[in-house]
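Trainee: I'm new to this one and would like to walk through it with you. Can we put it up and take it piece by piece?

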Amino acid sequence: MKKRDPRIFLFLLPSFIFLSIFTYYPIFDAVGLSFHRYGAFNPKPIFQGLKNYIDFFKDPIFWQIILNNVLFGLGTILPTMIMALIFAILINEVRSLRTFFRLSLFYPMLIPYAAAAMVWVFIYDPSLGPINLILKLLKLKPIGWLGDSRYSLIAIIIMTVWKNLGYYMLIFLAGLQNIPRDLYEAATVEGTNWSQKHWHITIPLVGPSTLFVFVVSVIQSFKVFTQIYLMTEGGPGYSSNVLIYRTYEYGFKFWQLGRASTLTTLMIMILLFLVLIVFGVWGRKITYQAA
Amino acid sequence: MKKLFKLAIILVLLLTLPLYMVMAGGKKEEAKPEGEKAAEETGNLERYKLSEKPVVIDFYFVVGVAGPLAQVIDGMVEEFNNTHQKILVQPVYAGNYNQTMTKVQSAILSGIPPDVFVVEISELYTLLAIDGIIPLDKYIEKEGGDTFTGQYFDALYGNARAEGKIWGQPFQRSTPILYWNKDMFAANADRLKAAGLDPTRAPQNWDELEKASTILTDREKGIWGVILPGGWNDWIFEAFVYQNGGKLISKDAEKSHFDSPQVLEALKFWYKLTNELKVSPPLRPWNQTPIDFSSGHAAMMYYSTGGLPLVRKQSNFDFGTAFQPKKVQYGTPVGGGDFHISKGIPPENQDAAWEFIKWMTSPEMAAFWSRESGYICINKKGLDLPEMKKYLEEFPNAKVAAEQLEYSFPKIMAPNFQEIRKVFVANLDAMMQGQQSPEETQKKLHTSVQKILDEY
Amino acid sequence: MKQRHIAHYIILLLVSLIIVFPLYLMFVMAFKDSKEILGSRYLLPSLSPTFDNFIRIFQAASFGIYLVNTIIVVTGILVLQLVMIIPAAYVFARFPSRISGFLFILYVIQIMLPLEALIIPNYRIMNAFGLINTRVAMILPFVGSGYCAFLLRQAFKQIPRSLEDAAVIDGCGHFGLLRNVFIPLSKPTITVFSMISVATHWNDYLWPLIITDSNIVRTLTIGLGMFVQHESGADWGMLMAATVFITLPIILLFLILQHTFLESFLTSGIKG
């Protein structure tokens, strides 16, 4: 068996076919359609150049949606990562009850969004829900949560943080296992306190891979759909509408597949730009590391 | 060499495995008649084999109000199947109105339409634009033409007629009505009387509505005067425009009338209730509204007559229903969903679909459906049935919606109504939350609706 | 030192309680009737729990069918992913070349282009194949998993060459190597990936929402979403019972495997 046997690529072929059909061909399809007027009412695509793009760029709703996406992405990921790191450090330092803590932080990860959305719709219910019940007890003004444009996106962010926290906590916990114990022991001998210790040892050591996780999470945050569809339908108004939900609306509610493809193309461009960042900074590491 | 050969064979197998799965799936489906396969999957195989190969039709239906109506429809379909040996109807619950329309449209466009379906009445022009349905005139002719349609409230055909033909048969039809908490009115009788209102009846015009809501709002206890529910606030708002003598768009769906003073006045009235007087919550989800009302968090609500069974079941106080208060006139759009029969399906399926529709809208079934769902008993003959008479006597609240039909208008219809509805709801949402003034709302609505109308 | 640990425990207990609260609420409410919930008496477990809600959800919707469909889809995805990707990861790990390096980048990019972003073209593809409203359509797009390729390649690379050489001397071909060396030695990674794959696709919503039209092929999440549309507000107890029903299998599966999963996760060093 020679190493340089080209037939070894037959091993790659099956999965590559799937990748081509369902990931790479669709990109070309979307880009092509994005220049056309096409949909349920125009079954024959009509080429119209950049019109779809220009229409969107002129549409204030489009920009609100982009802003919502950014707010959702940063609003979920930053708090999630910071809290996850802190809790991971805490769990790593306690002796008993570790499994209990790990489990209770991790389990929301397993609950399907569709199910989690139901529970949270109840939690946010203005007249019955526990949050407003507590607010009433504290003599504070109840909040409309999902029915209020000012709070709808925040409500969805809180729910998403709750859901993802445990997963990130595990990632950090795994990272912490790789830090040699004697580093901490040396620090303790020198008399540094708890926060100094972690600031000078833990963060620099966990940091680089954290940044990578961060960018990948930003990319993943673009797929938020289920909780929005089930909890607010993008509303009230457009206050919790995001790119993917808007694409769904244009595609499967308004049946304007041309415009929906334009949104798809724009999303692909944003994602590929982020991918470029990932590769620009971590490319070597991803492909050649762990040899 | 031998090894590589083996490798190649296994790889080819691997490669073709998914394809094979697809093909196998497809072949199996082709091998059996479609009806048999469908019957097998829904556990109706026995029934299918017993009766001499009936025509199997798919029926997509919608549930548009809070309550367990899906089971009621399943039950009705089962009875139909038991009494019709030649036809087997497969009910498919397709979600709320938005979702059902999405599914129906997706199915029609991908060439596998359901045989018969119910969607929201405003969607008619969309269905025509995608060439998805057949006119029902030839069936109605066969049943006796005007004598057949004469059984039904004529106002309900307003959203089924286009291009001189009838495209839909009324089914789950409603109007919004005003629900009012009689106990709450009685408890505040003195204050209501002082304001010149009669605490034993519901407000009859906008002015009375405003006064009563203001008096009955209790911020301490978290009680709202009146709820204008979100989600379908476009529908409720349309009623206010009719009450004010205006309209939303022209009948041919070409011109927007959102710029009229009647619309502005209605917008201003809503703004006043929600933002100036704060007697109406900015937004409550559609399905939550009846709960708020029946748990005593609101003195009045605008809601579909389809909410009656739930409110009746859950309220532990005496409540009444009434016409929506008038401004210059009583007025309301009709609402709900009609039956449609798909194009592109075999004629025998279309005939079977008509049989099913006819049966579902017969006096007995219409009356049964009305009692279970709170919807209007669309078939006037159904109202004369003894059990229906008894029901209405016991529960006169159920009469109001049908009586209100006298003052009803066809609901707004336009191709791609979904897009108009989205803009409509979004702008009302923004105004109800005080993010834009009525004037601004009117301007935005007019320009965006006109733009959508111009596209088709 | 001791004192600080007490602070640790207090913080962690508080956080755990907050995070467990929704789950607690779900279970407690599933056993209550709607009167009790509407009267805001839902915080404490009911003294006279009712199983009524669970009986009624099965009358109201075909949750049995949904469960079967979900299991078919989820296992279908997992099996095909492993079958397709293990050989690919083997090539990436052991036969580095320009071409395989380039292809690997394509696989990694796929991790970052979620299917959710490509629903419009994928819907058109399924339409062209005539696969709308089938279970197969819910499986196929997820098979070429870049994430799986990435994880397995990492795992395969860490396997010492010496073991491999020994196996080759014993007469193992490519398949023999995979079966006797690579797969057994990367079990932790495979376990973790399987668990993540199952949980992810149990959770799938947007794609099944678009691709399914009828009850026969709906999955649990879609079924729950539809069920909510006509029951929401009406009956919280019943909704929570349905929620418990779709969540329980995956939680049970995890509890059974949790030791393996957590240990594998922490040792195999999966970092996103």
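Trainee: How many salt bridges does the structure hold over all chains?
Mentor: Keep in mind that this is a predicted model. A pair goes on the list when a side-chain nitrogen of Lys or Arg is within 4 Å of a carboxyl oxygen of Asp or Glu. Over all chains, the salt bridges come to 25.

Trainee: Let's look at a pair, then. Which side chain meets B:R201 in a salt bridge?
Mentor: B:R201 is partly exposed, because its relative accessibility is 29%. Its partner has 16% relative accessibility and so counts as buried. The N to O distance is 2.9 Å, and the partner is B:E208.

Trainee: And what is the N to O distance between B:D207 and B:K211?
Mentor: Both residues sit in helix α11 of chain B, four residues apart, which is about one turn of the helix. B:D207 is partly exposed at 45% relative accessibility, and B:K211 is partly exposed at 37%. Their side chains meet in a salt bridge with an N to O distance of 3.9 Å.

Trainee: B:E210 and B:K272 form a pair as well. How many residues apart are they?
Mentor: Their side chains meet in a salt bridge at 3.1 Å, N to O. This pair links distant parts of the chain, with B:E210 in helix α11 of chain B and B:K272 in helix α13 (residues 261–276) of chain B. B:E210 is buried, with a relative accessible area of 17%, while B:K272 is partly exposed at 30%. Along the chain they are 62 residues apart.

Trainee: Which residue of chain B is linked in a network of salt bridges with A:R37, A:K51, A:D55 and A:R259?
Mentor: Look for the member that carries the letter B. The network takes in A:R37, A:K51, A:D55 and A:R259, and the chain B residue linked with them is B:E455.

Trainee: How far is the C-alpha atom of B:P199 from that of B:E455?
Mentor: Start with B:P199, which is in the loop between α10 (189–194) and α11 (206–216) of chain B. Its neighbours in contact include B:W180, B:F185 and B:L192. B:P199 and B:E455 are 256 residues apart along the chain, and their C-alpha atoms are separated by 50 Å.

Trainee: Is B:P199 buried or exposed?
Mentor: The cut-off for buried is under 20% relative accessible area. B:P199 has a relative accessible area of 10%, so the word is buried.

Trainee: B:W180 turned up among those contacts. How many residues of strand β7 of chain B are buried?
Mentor: Take the two faces of β7(B) in turn. On one side B:P176, B:L178 and B:W180 are buried, and on the other B:I177, B:Y179 and B:N181 are buried too. For the strand, residues 176–181, the count is six of six.

Trainee: Which residue is the bridge partner of B:N181 in β10(B)?
Mentor: β7(B) pairs with β9 (residues 298–304) of chain B in the antiparallel sense over five bridges. It also pairs with β10 (residues 319–322) of chain B, antiparallel over four bridges. In β9(B), B:I177 is matched with B:Y303. In β10(B), the partner of B:N181 is B:F319.

Trainee: There's an open sheet of five strands in chain B. Which strands stand at its edges?
Mentor: The order is β2-β1-β3-β12-β6, with mixed pairing. An edge strand has a single partner, so one side of it is left without a neighbour in the sheet, and that fits β2 (87–93) and β6 (169–174) of chain B.

Trainee: What angle does helix α4 of chain B make with β2(B)?
Mentor: Neighbouring strands of this sheet are turned by 20° against each other on average, direction ignored. Helix α4 (residues 69–83) of chain B packs on the sheet, touching β1, β2 and β6 of chain B, and its direction makes with that of β2(B) an angle of about 170°.

Trainee: Last one: how many residues of helix α12 of chain B are buried?
Mentor: Across chain B, buried residues make up 62% of the 456 residues. In α12(B) the buried ones include B:W235, B:F237 and B:Y242. The helix spans residues 233–243 and is mostly covered, with a buried count of 11 of 11.

Definitions and conventions:
Residues numbered from 1 in each chain as written. Chains lettered and ligands numbered in written order. Predicted model: local features only at pLDDT ≥ 70, side-chain atom pairs only at ≥ 80, totals over all residues. Heavy atoms only, no water. Buried < 20%, exposed > 50% of the residue type's maximum accessible area, 1.4 Å probe, protein only. Pairing = 2+ DSSP bridges. Axes fitted to C-alpha atoms, helices over the stretch in contact; angles between N-to-C directions. Contact = heavy atoms within 4.5 Å. Lists of a residue's contacts leave out its neighbours within four places in sequence.
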